Amino acid sequence: MQRLLTGLQPSGALHIGNYFGALKPFADMYNTYESYLMVVDYHALTTTRDPKELKANIFNAVRDYLSVGVDPSKAVIFQQSQVQEHTELAWIFECLVTVPFLELAHAYKDKVAKGLEANAGLFNYPMLMAADILLYDTNVVPVGQDQKQHVEYAREAAAKFNNVYGETFKEPRELIQESVAVVPGTDGKKMSKSYGNTIPLFGTKDEIAKAVMSIVTDSSGEKPKNVYTIHKLLKSKSALGFIYEASMGNYKTLKEALIEDLDALIAPMRAKRESITDDDIRRILKEGSDRARVVASVKMATVRKRIGVAL
Ligand code: ADP
Ligand code: TRP
């Protein structure tokens, strides 16, 4: 079985754009691989210094994935900070690559351009990510388009190490999830937490209703485009054809139908989410981190030997 590894950013509340664009495609395929799912809390430290927020977001990241159906008995779910081999290997890679090479990272440049502090952790981010991936002899790394270059960095780190110290790491490939169309927000632009135009993924029915009622509709008659585009993610074209014909031009009724269909999708996930306790998550992460460490420590023993520090 091929090995898959990906990193979950512990960050804020999710919206239905995240669900259809990332979580659902992931939940549909992860169990055809031997999957490692890692909460990248040390990466999060490059942009947050609020311990309470970081802790809450670690719990939330795991809760989100469990709520959409990821089964902890079918994937190793773990915390990056609890497997120290990650930061150890990152250091070794940092000693192999140059500053100009890291300066080419788009994600780093974008973040600094947006006003984030250019701390050294943010700069070295790709080498920690390379360590995350390479420690596990990962074959595939499912990521969004924006992370493609980071997987290339991991391949480069593997090649550099192998070149200097002999064949040790497998070169991974990215698995870009781009089959799903962009989900529009309530204003018709891409749904995004930074635009304040979201429908919350685990919202109450009232919250869903409030967001849906605020969807901007054009006045060109027929189908309200933004409502229909979201509705299409939930129901077949033929089922929708019937509803949109019967209520043509009646935007309120169409929005009410969308609220019902969204709630039918979300209610079970919301209930699942509420049933998961912090202790459940602690237990899952502990078991996962113990399992991940077994794999990572074997790899690191080889690495230490190869670089000449194992006496
Ligand atoms: P946001 O734009 O809200 O900050 P992120 O950039 O954190 O979202 O995206 C996390 C994941 O969710 C990515 O894989 C991204 O492709 C997916 N995603 C985010 N917004 C949408 C959207 N509107 N439609 C489809 N997928 C989306
Ligand atoms: N950089 C990734 C992101 O922002 C998160 C990440 C960290 C990751 N380590 C990883 C993704 C390893 C895949 C594999 O989404």
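Trainee: Which element gives the largest share of the shell around ligand 2?
Mentor: Helix 7 does, with 4 residues (helices, H or I of at least four residues, and strands, E of at least two, are DSSP runs numbered from the N terminus). This is a predicted model, so local features need pLDDT of at least 70 and side-chain atom pairs pLDDT 80 or more, while totals for chains, interfaces and linings use all residues. Residues count from 1 along each chain as written, chains are lettered from A and ligands numbered from 1 in written order, and side-chain values use heavy atoms, without hydrogens or water.

Trainee: OK, how many residues surround ligand 2, and which are the closest?
Mentor: There are 14 around ligand 2, and the closest are Gly 7, Gln 9, Tyr 125, Asp 132 and Gln 147 (a heavy atom within 4 Å puts a residue in the shell).

Trainee: What do the side chains of Gln 9, Asp 132 and Gln 147 touch?
Mentor: Gln 9 has a polar side-chain atom 3.0 Å from an oxygen atom of ligand 2. Nitrogen atoms of the ligand are the partners for the other two: 2.7 Å for Asp 132 and 2.8 Å for Gln 147. A polar contact here is an N or O pair within 3.5 Å.

Trainee: And how much of ligand 2 does the protein bury?
Mentor: Of the 360 Å² that ligand 2 exposes when taken alone, the protein buries 90% (Shrake-Rupley areas, 1.4 Å probe). Strand 1 (3–8), helix 7 (120–134) and strand 4 (140–143) are the elements giving two or more residues to that shell. By class, the shell of ligand 2 splits into 8 nonpolar, 5 polar and 1 charged (Gly counts as polar, Tyr as nonpolar, and Asp, Glu, Lys and Arg as charged).

Trainee: Back to helix 7: at what angle does helix 7 pack with helix 8?
Mentor: About 70°, and the axes of helix 7 and helix 8 (residues 148–165) are 8 Å apart (axes are fitted to C-alpha atoms over the stretch in contact, with angles from 0 to 180 degrees). That makes the two helices roughly perpendicular (65 to 115 degrees; under 35 is roughly parallel, over 145 roughly antiparallel, the rest oblique).

Trainee: Which residues make that contact?
Mentor: Helix 7 brings Tyr 125, Pro 126, Met 127, Met 129, Ala 130, Ile 133 and Leu 134, and helix 8 brings His 150, Val 151, Tyr 153, Ala 154, Ala 157 and Ala 158 (contact is heavy atoms within 4.5 Å). That divides into 12 nonpolar, 1 polar and no charged. Tyr 125 is one of the helix 7 residues here and is also among the closest to ligand 2.

Trainee: New topic: what is the angle between helix 3 and helix 13?
Mentor: Helix 3 (residues 51–67) and helix 13 (residues 278–307) pack at about 90°, axes 10 Å apart. So helix 3 is roughly perpendicular to helix 13. Ile 58, Phe 59, Val 62, Arg 63 and Leu 66 of helix 3 meet Asp 278, Ile 281, Arg 282, Ile 284 and Leu 285 of helix 13. By class, that gives 7 nonpolar, no polar and 3 charged residues.

Trainee: Which residues are around ligand 1?
Mentor: Among them are His 15, Gly 17, Ala 181, Val 182, Met 191 and Lys 193. Asn 18 has a side-chain N or O atom 3.0 Å from an oxygen atom of ligand 1, Lys 190 has one at 3.2 Å, and a polar side-chain atom of Ser 192 sits 2.8 Å from a ligand oxygen. The protein buries 71% of the 540 Å² that ligand 1 exposes alone.

How values were computed:
Polar contact = N/O pair within 3.5 Å; in protein donor to acceptor, adjacent residues only side chain to side chain.
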